[in-house]
Amino acid sequence: MRFAADEELTLFASSVREVVAGWEPVREPAFGAWWDEHDDGLAARLAAVGWSRLWDDPALRGAVVAGALELGRAVAPISLVDAATLGAPLAVGSRIRHGTGAAVAACVAPGDVLALAPVGDTEREATLDGSGTLRCLSALVPGPAVADGEERLRAWSAAMLGYLAGMAAGALDQAVAYVTAREQFGAPLASLPAVQGRLADAALAAEGIALLAWAAAVSGPEQEAVPRAALLWAGASCREVTGSVLQVHGAVGFALESGLHRAYRRAASLAVWGDAVVRGAEPDAPERHDVA
């Protein structure tokens, strides 16, 4: 299901697009080093266009998806999604997805219950995608359920699916532009059946993730606040899409200058975090996830 592309929705998406267009991602450090790409200035500029005030009104979940699509296309800091919807960095088990300076973390308990847990001493973990993962040295103890937790979780789910959809679509756009312009064997790469088939499958998956995002935006009380099957499929599919995009680019796709590695890294990390949320279990070393 899609929302009608009304003027307000289009204008909001355009505002988010303009904000992230001026954002420069942090240059990656040595592989295996801890780093956090959270940007307070970017967060403030997005707050100025209303990004952080959408979660509590179900009628605005279409704008949540529209904005998240733009964040995903830019592979913007994932902290922007968690902070604007959950109100704190996401935590599963002893790991916090991005917790620098955070006093509390958001935990998703069974039954789609959102609770906040005080953050004690932590240590940094080697990061794959710049999300600034921390490991708690003592167990997180969630407090009482957040009163508006269900609405926050519904907004978070829609935003996460929108982010994955935007990231897949952005990577696919780069691939189409590249194979159209790049010639090999006397013809554009886009003319090769193997390339066409791989990108057709990627386009189908990207569209499927987008449809799940819009469906989450209109979910009601009779549906689960965290669509577990959708999150699992979308995370795995986004990783497949970004992997296919890397393949059709050849060696160029693996160069830091292309920027495609950022989408692939983020997709790999989010797939593991999504699985952890669904299982309610410790993330399986998300920042050390195999990227081969």
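**Charges, fold and selected residues of a predicted model**

The mean positions of the 22 positive and 35 negative charges of the protein lie 4 Å apart. The structure discussed here is a predicted model.

Biologist: How many helices and strands are there in the protein, and how does its radius of gyration stand against the globule rule?

Modeller: The protein has 8 helices and 8 strands. For 292 residues the globule rule gives 19 Å, and the protein is close to that value, so it is as compact as a globular protein of that length. Along the principal axes, the C-alpha trace spans about 65 × 45 × 35 Å. The radius of gyration itself is 19 Å.

Biologist: What share of the residues in the protein is buried?

Modeller: The accessible surface comes to about 12700 Å², and carbon and sulfur atoms account for 58% of that area. A residue is taken as buried when its relative accessible area is under 20%. Among the 292 residues, the buried share is 51%.

Biologist: Of the contacts between residues at least 6 apart in sequence, what percentage join residues at least 24 apart?

Modeller: A contact requires heavy atoms within 4.5 Å. Among the contacts between residues at least 6 apart in sequence, those joining residues at least 24 apart make up 73%.

Biologist: How many disulfides does the count give, and why is Cys 107 not bonded to Cys 136?

Modeller: A disulfide needs two cysteine sulfur atoms within 2.5 Å. The closest cysteine sulfur to that of Cys 107 belongs to Cys 136 and is 8.5 Å away, which is too far for a bond. Cys 136 is likewise in no disulfide, its nearest cysteine sulfur being that of Cys 107. The count of disulfides is therefore 0.

Biologist: Are Cys 107 and Cys 136 buried or exposed?

Modeller: The limit for a buried residue is a relative accessible area under 20%. Cys 107 has a relative accessibility of 12%, and Cys 136 has a relative accessible area of 4%. Both cysteines therefore count as buried.

Biologist: Where does Val 226 lie, and which residues does it touch?

Modeller: Val 226 belongs to the loop between helix H6 (193-217) and H7. Its relative accessible area is 0%, so Val 226 is buried. The C-alpha atom of Val 226 is 21 Å from that of Leu 140, which is 86 residues away along the chain. Not counting residues up to four places away in sequence, Val 226 touches Val 108, Asp 112, Leu 153, Trp 156, Ser 157, Leu 231 and Val 277.

Biologist: Asp 112 is among the residues touched by Val 226; what is the phi of Asp 112?

Modeller: Asp 112 is placed in the loop between strand S3 (104-109) and strand S4 (113-118). With a relative accessibility of 14%, Asp 112 counts as buried. Most residues other than glycine have a negative phi. In Asp 112, however, phi is positive, near 55°.

Biologist: Is Phe 185, which also has a positive phi, buried or exposed?

Modeller: Phe 185 is not a glycine, yet its phi is about 60°. The residue sits in the loop between strand S7 (183-184) and strand S8 (187-188). Because its relative accessible area is 74%, Phe 185 is exposed.

Biologist: Helix H7 contains both Ala 229 and Thr 242; which residues does Thr 242 touch?

Modeller: Helix H7 covers residues 228-249. Within this helix, Ala 229 counts as exposed at 59% relative accessibility, whereas Thr 242 counts as buried at 2%. Ala 229 and Asp 275 are 46 residues apart in sequence, with their C-alpha atoms 9.6 Å apart. Setting aside residues up to four places away in sequence, Thr 242 touches Ala 171, Ala 263, Tyr 264 and Ala 267.

Biologist: In which helix is Ser 79 found, and with which residues is it in contact?

Modeller: Ser 79 is found in helix H4 (residues 79-85) and, at 6% relative accessibility, counts as buried. From Ser 79 to Arg 97 the C-alpha distance is 8.1 Å, across 18 residues of sequence. When neighbours within four places in sequence are left aside, the contacts of Ser 79 are His 38 and His 98.

Notes: Residues numbered from 1 in each chain as written. Predicted model: local features only at pLDDT ≥ 70, side-chain atom pairs only at ≥ 80, totals over all residues. Heavy atoms only, no water. Helix = DSSP H or I, 4+ residues; strand = E, 2+ residues; numbered from the N terminus. Buried < 20%, exposed > 50% of the residue type's maximum accessible area, 1.4 Å probe, protein only. Rg over C-alpha atoms; globule rule 2.2 N^0.38 Å. Areas by Shrake-Rupley, 256 points an atom, 1.4 Å probe, with all protein chains shown as cover. Lys, Arg positive; Asp, Glu negative; His and termini not counted. Charge placed at Lys NZ, Arg CZ, Asp CG, Glu CD.
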